[in-house]
Amino acid sequence: MALYDFAKGLVLEAGNKVRLMMKEDLNIETKSNPNDLVTNVDKATEDYIFEMIHQNYPEHKVIGEEGHGHDLKDINGVVWVVDPIDGTLNFVHQQENFAISIGIYHEGQPYAGFVYDVMRDILYHTKVGEGAYENNHPLEKLKSTQLKTSIIGINPNWLTKPIMGPIFTPIVDDARSARAYGSAALEIVSVAKGQLDAYVTPRLQPWDYAGGLMILNEVGGKGTNLLGDALTINQPNSIVMANPSLHDELLNNYLNEFEETLRKHHKRRFGR
């Protein structure tokens with residue numbers, strides 16, 4: 001079986017297992033803070049994906065949110081970047097609006113991306129260079145928008161922070177509106193579908209964006225950090241993802257004037 005077909009089947013079966021496990025009692029723990037949750041379902045789903053990959057492709061490497069590959073230095077060969085439950089707060093409180101996200105890279109280059117909206121049974125996927133799909137329906141290329149007619153995806157908590165508030169508030173003020181869905185992978189997919197025009201956040205892990213970024217790129221979208229630099233799969237980063245014209249408008253008219261502040265933020269948060 002081709003790698004792409006194997007991965008597609010794996011993410012769908014992982015979703016089936018999540019739906020079954022949701023009928024049982026959740027075991028909820030906190031990680032870095034009381035709002036950073038992990039459940040037994042997150043861990044079991046990542047373990048299942050990891051085990052199936054290594055049964056079928058023992059030479060492949062895995063970077064997963066819940067522990068696999070966090071010390072991985074070498075990204076040669078085939079690397080899977082896995083978020084077993086993206087949107088754990090939604091998973092715990094709403095039992096919907098969460099996704100399984102997988103990005104597969106070969107020799108550091110994007111190969112395939114998957115974002116599975118588990119409760120709606122919608123799989124967004126791409127084999128790079130062959131278009132992006134919502135289940136079996138191709139996604140259209142993105143249209144250009146201006147900020148004044150755009151809906152922006154952003155967590156409102158960032159608007160209250162002393163450093164990020166002054167950077168993000170003008171963007172929200174000048175946009176048509178703003179939304180927060182609580183799952184980075186689904187918000188990036190919403191940009192790829194044109195339902196959101198941009199998604200902005202100062203801190204995200206590679207497993208949050210790896211799959212969605214490939215889907216966004218495939219429809220002509222643009223994803224970088226807040227300084228306009230390329231995103232990598234082995235380091236966290238800040239994020240701005242949008243259709244190309246809006247991406248340029250956000251960087252040139254809103255973010256570039258805070259370059260020094262953003263560089264300090266990167267140095268403090270990411271060590272670079």
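In what order do the 5 strands of the open sheet stand, and what is their pairing? Let me take that as the way into this structure, which, I should say at once, is a predicted model. The order is β11-β10-β12-β14-β13, and the pairing in this open sheet is mixed. At the edges are β11, residues 177-179, and β13, residues 222-224, and each of them has a single partner strand, so one side of each is left without a neighbour in the sheet. Going from one strand to the next, the twist averages 15°.

Within that sheet, strand β10, residues 151-153, runs parallel to strand β12, residues 198-204, and the two are joined by 2 bridges; if you would like to find the place on the screen, look for G153, whose bridge partner in β12 is Y199. Packed on the sheet is helix α5, residues 184-193, which touches β10, β11, β12 and β14, and whose direction makes about 150° with that of β12.

Now to helix α7, which covers residues 244-255 and in which H247 is found. Is H247 buried or exposed? With a relative accessible area of 1%, H247 is buried, given that the cut-off for buried is under 20%. Leaving aside residues up to four places away in sequence, H247 touches K222, G223, T224, V240 and A242; K222, G223 and T224 lie in the range of the edge strand β13, while V240 and A242 fall within β14, residues 237-242.

Helix α7 also meets helix α4, residues 165-174, and the axes of the two come within 10 Å and cross at roughly 125°, which makes α4 oblique to α7. The crossing of α4 and α7 is right-handed. On the α4 side the contact is made by I167, P170, I171 and D174, and on the α7 side by L250, Y254 and L255; taken together, the residues of this contact divide into 6 nonpolar, no polar and 1 charged.

Finally, a word on strand β5, residues 99-106. Of its 8 residues 7 are buried, so β5 is largely enclosed by the rest of the structure. Strand β4, residues 78-86, pairs with β5 in the antiparallel sense over 7 bridges, and here D86 has A99 as its bridge partner in β5. Strand β6, residues 109-117, also runs antiparallel to β5, joined to it by 8 bridges, with F114 in β6 as the bridge partner of I102. The hairpin of β5 and β6 has 2 residues between the strands, and in this hairpin E107 takes a positive phi near 50°.

Terms used
Residues numbered from 1 in each chain as written. Predicted model: local features only at pLDDT ≥ 70, side-chain atom pairs only at ≥ 80, totals over all residues. Heavy atoms only, no water. Pairing = 2+ DSSP bridges. Helix = DSSP H or I, 4+ residues; strand = E, 2+ residues; numbered from the N terminus. Axes fitted to C-alpha atoms, helices over the stretch in contact; angles between N-to-C directions. Contact = heavy atoms within 4.5 Å. Buried < 20%, exposed > 50% of the residue type's maximum accessible area, 1.4 Å probe, protein only. Parallel < 35°, antiparallel > 145°, perpendicular 65-115°, else oblique. Left-handed = near helix turned anticlockwise from the far one by under 90°. Nonpolar A, V, L, I, M, F, W, Y, C, P; charged D, E, K, R; others polar.
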